[in-house]
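Below is a set of questions and answers for someone meeting this structure for the first time. Each answer works through its reasoning before it settles on a value or a name.

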Amino acid sequence: MIRKRLFNPAQLFISSFLALILFGTILLKLPIALQQPLSWLDALFTATSAVCVTGLVVVDTATHFTIWGHVFIMLLIQAGGIGILSFAGLFTYFLKGGSSYENQLAIRDFSNTERLGEVFVLLKRTILITFGIELVGAAAIFWSLKGVNNIGFLEKVFTSVFHAVSSFCNAGFSTLPLGLMDSTVLHNYGFQLAVACIYIFGGLGFPIVINVLKYFKHVLNRLLKKWTLNENYYRPWVMTINSKINLITTGLITAIATLVLYINEYGHVLAGHDKVGKWVIAFATATTPRTAGFNSIDFSHLHFSSILFVMLLMWIGASPNSTGGGIKTSTFAVAVLNVWSLARGKNRTDVFRREIATISIQRAFATMFLSLIVIGLAVFGISFFERERPLLDIAFECFSAYSTVGLSLNVTGGLMTGSKVILVLLMFVGRVTMLSVLIAFVKKINYIQYRYAPEELTIY
């Protein structure tokens with residue numbers, strides 16, 4: 001009983017990330033990883049940022065670390081992006097020929113699979129999809145660098161692999177001195193689009209990618225049977241409601257954000273690009289706040305209205321069960337649908353001829369509420385240490401850290417020790433989610449059969 005109480009799935013999930021961060025901190029302090037001295041706090045900050053796939057940096061990744069340091073950071077990003085529990089479960093499965101019922105339940109809670117038998121099937125597919133997309137992405141990035149002459153062949157290979165891993169995991173780390181603003185790739189729109197497409201795939205979520213692949217397979221089978229056997233093969237609900245909601249929300253947010261930033265920044269930060277380049281950089285700028293964190297522009301040069309808009313995009317983040325952070329697109333969609341239902345006088349929320357479960361709505365609003373509380377406390381804490389710094393810079397940094405985005409208004413490296421500690425905690429909580437922290441440490445009550453009489457409160 002004690003073992004079960006101390007090591008529930010949420011506690012195991014959180015402790016695995018803590019262990020990986022501490023291990024990464026030690027790796028980044030090794031002499032072979034450094035070209036310049038690095039304090040323990042900065043090593044902890046960098047390791048946390050890598051494991052939590054955030055991308056906020058207090059030192060220049062390109063110049064402060066050796067090739068071994070870059071390899072260590074890439075491995076930490078990969079482990080944190082997929083999730084250390086996924087690796088642990090798979091290693092247990094392959095090394096021991098199986099896994100305990102309790103371990104499968106623990107992993108199932110974080111993979112959102114309905115049937116227990118699908119747990120390791122999903123995990124194996126996750127690994128295959130991850131490495132498959134990263135391999136294709138690395139090839140695309142390498143091809144886009146073919147015209148760059150000041151980088152050697154091996155350096156191109158490592159740059160391609162590093163950016164493929166970093167982008168798919170939505171980490172935002174770069175081995176280029178100025179990130180995607182570096183003169184080597186700033187006007188290389190093939191490179192910019194390749195990186196953007198990779199982190200969009202990473203931000204969709206593994207279950208959604210798998211579901212989309214199943215849907216395409218179903219469409220292909222249907223067409224083949226129709227052409228060869230003249231049969232009308234059809235399976236209903238191949239594309240799940242979860243996939244539909246997240247794909248539509250992601251598409252709408254991306255389209256609206258690209259258009260808004262293109263119009264708002266056309267003659268400003270986009271002025272240095274040609275017509276096609278403006279659209280590409282606007283698209284990259286609109287999608288990177290979904291927690292990718294790559295900077296194709298200097299975000300401190302954006303108009304005030306654009307900065308506020310980017311903060312909203314960072315808060316929404318990527319899709320659930322993905323390498324991205326934020327409150328998630330499904331949470332935002334459920335909130336919007338619920339508000340629309342209330343405005344229409346309905347007592348339930350439905351979409352695509354399905355009613356959204358009450359527990360999903362409760363989780364959505366709990367996630368939104370907890371995120372704003374945590375971000376608000378972090379803004380208060382950093383404001384205490386950084387009394388002379390503008391509130392906008394602090395708020396932007398906190399939204400970026402909690403949503404594991406990695407974008408900054410160029411203030412991270414100049415923060416005081418207390419502010420860095422707060423950001424470390426914020427990145428960690430943003431990665432494991434505050435709801436998981438509460439689930440891990442709040443005592444559960446036994447299920448009760450009775451219900452109290454409902455009572456309405458005055459809300460508006």
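**Questions on a predicted model**

Q: How many of the twelve residues of α3 are buried?
A: In this predicted model, helix α3 is mostly covered. The buried set is made up of D42, A43, F45, T46, A47, T48, S49, A50 and V51. Of the twelve residues in the helix, the number buried is therefore, with burial meaning under 20% relative accessible area, as stated for α3: nine.

Q: What distance does α3 reach from its first C-alpha to its last?
A: Helix α3 covers residues 40-51 and has twelve residues, for which 16 Å would be expected at 1.5 Å a residue. The reach in the model is close to that expectation, at 16 Å.

Q: Which residue just after α3 takes a positive phi?
A: Most residues other than glycine have a negative phi. Just after α3 there is a residue with a positive phi of about 45°, and that residue is V53.

Q: Is T48 buried or exposed?
A: T48 is found in helix α3, and its contacts, leaving out residues up to four places away in sequence, are I21, V424, M427 and F428. Its relative accessible area is 1%, and because the cut-off for burial is under 20%, T48 counts as buried.

Q: Which residue has its backbone oxygen 2.7 Å from a polar atom of the side chain of T48?
A: T48 belongs to helix α3, and a polar atom of its side chain lies 2.7 Å from a backbone oxygen. The residue that supplies this backbone oxygen is L44.

Q: Which two residues touch the most other members of the largest nonpolar core?
A: The largest nonpolar core has 105 residues, and helix α10 (residues 189-204) gives the most to it, with nine residues. Domain 1 (9-229) and domain 2 (241-440) both contribute residues, so this core lies between them. The two members that touch the most others are I77 and F396.

Q: Which residues does F396 touch, not counting residues up to four places away in sequence?
A: F396 is one of the two residues that touch the most other members of the largest nonpolar core. With residues up to four places away in sequence set aside, the residues that F396 touches are F299, I307, V310, M311, M314, L407, S408 and L409.

Q: How many residues make up the other core, which includes A333 and V351?
A: This other core lies apart from the largest one, and among its members are A333, V334, V351 and I361. The number of residues in it is eight.

Q: Which helices do the buried residues of α16 pack against?
A: Helix α16 (residues 358-385) has 28 residues and reaches 41 Å from its first C-alpha to its last, close to the 40 Å expected at 1.5 Å a residue. Its buried residues include I361, A364, M368, L370 and S371. The helices against which the buried residues of α16 pack are α14 (304-316), α15 (329-343), α17 (391-402), α18 (417-432) and α19 (434-441).

Q: What is the phi of N170 near?
A: N170 lies in the loop between α9 (153-168) and α10, and N170 is buried, with a relative accessible area of 0%. Most residues other than glycine have a negative phi. The phi of N170 is instead positive, near 55°.

Q: Where does K328 lie?
A: K328 has a positive phi near 90° although it is a residue other than glycine. K328 is buried, with a relative accessible area of 14%. Its place is in the loop between α14 and α15.

Q: Which residues is S341 in contact with, leaving aside its neighbours within four places in sequence?
A: S341 lies in helix α15 and counts as buried at 6% relative accessibility. Beyond its neighbours within four places in sequence, S341 is in contact with K346, R348, T349 and D350.

Q: Over which residues does pLDDT stay under 50?
A: The mean pLDDT of the protein is 85, and 87% of its residues reach 70 or more. One stretch stays under 50, and for that stretch the model has four contacts beyond four places in sequence. The stretch in question is residues 1-6.

Terms used
Residues are numbered from 1 along each chain as its sequence is written. This is a predicted model: local features need pLDDT of at least 70, side-chain atom pairs count only at pLDDT 80 or more; totals for chains, interfaces and linings use all residues. Side-chain values use heavy atoms; hydrogens and water are left out. A nonpolar core is a set of buried Ala, Val, Leu, Ile, Met, Phe, Trp, Tyr and Cys residues joined through side-chain atoms within 4.5 Å. Buried means under 20% relative accessible area, exposed over 50%, partly exposed in between (1.4 Å probe, protein chains only). Helices (H or I, at least four residues) and strands (E, at least two) are DSSP runs, numbered from the N terminus. Domain bounds come from an automatic or database domain assignment. Contact means heavy atoms within 4.5 Å. The expected span of a helix is 1.5 Å times one less than its number of residues. A polar contact is a pair of N or O atoms within 3.5 Å; within protein, one must be able to donate a hydrogen and the other to accept it, and residues adjacent in sequence count only if both atoms are side-chain atoms. pLDDT is the predictor's confidence in each residue, from 0 to 100.
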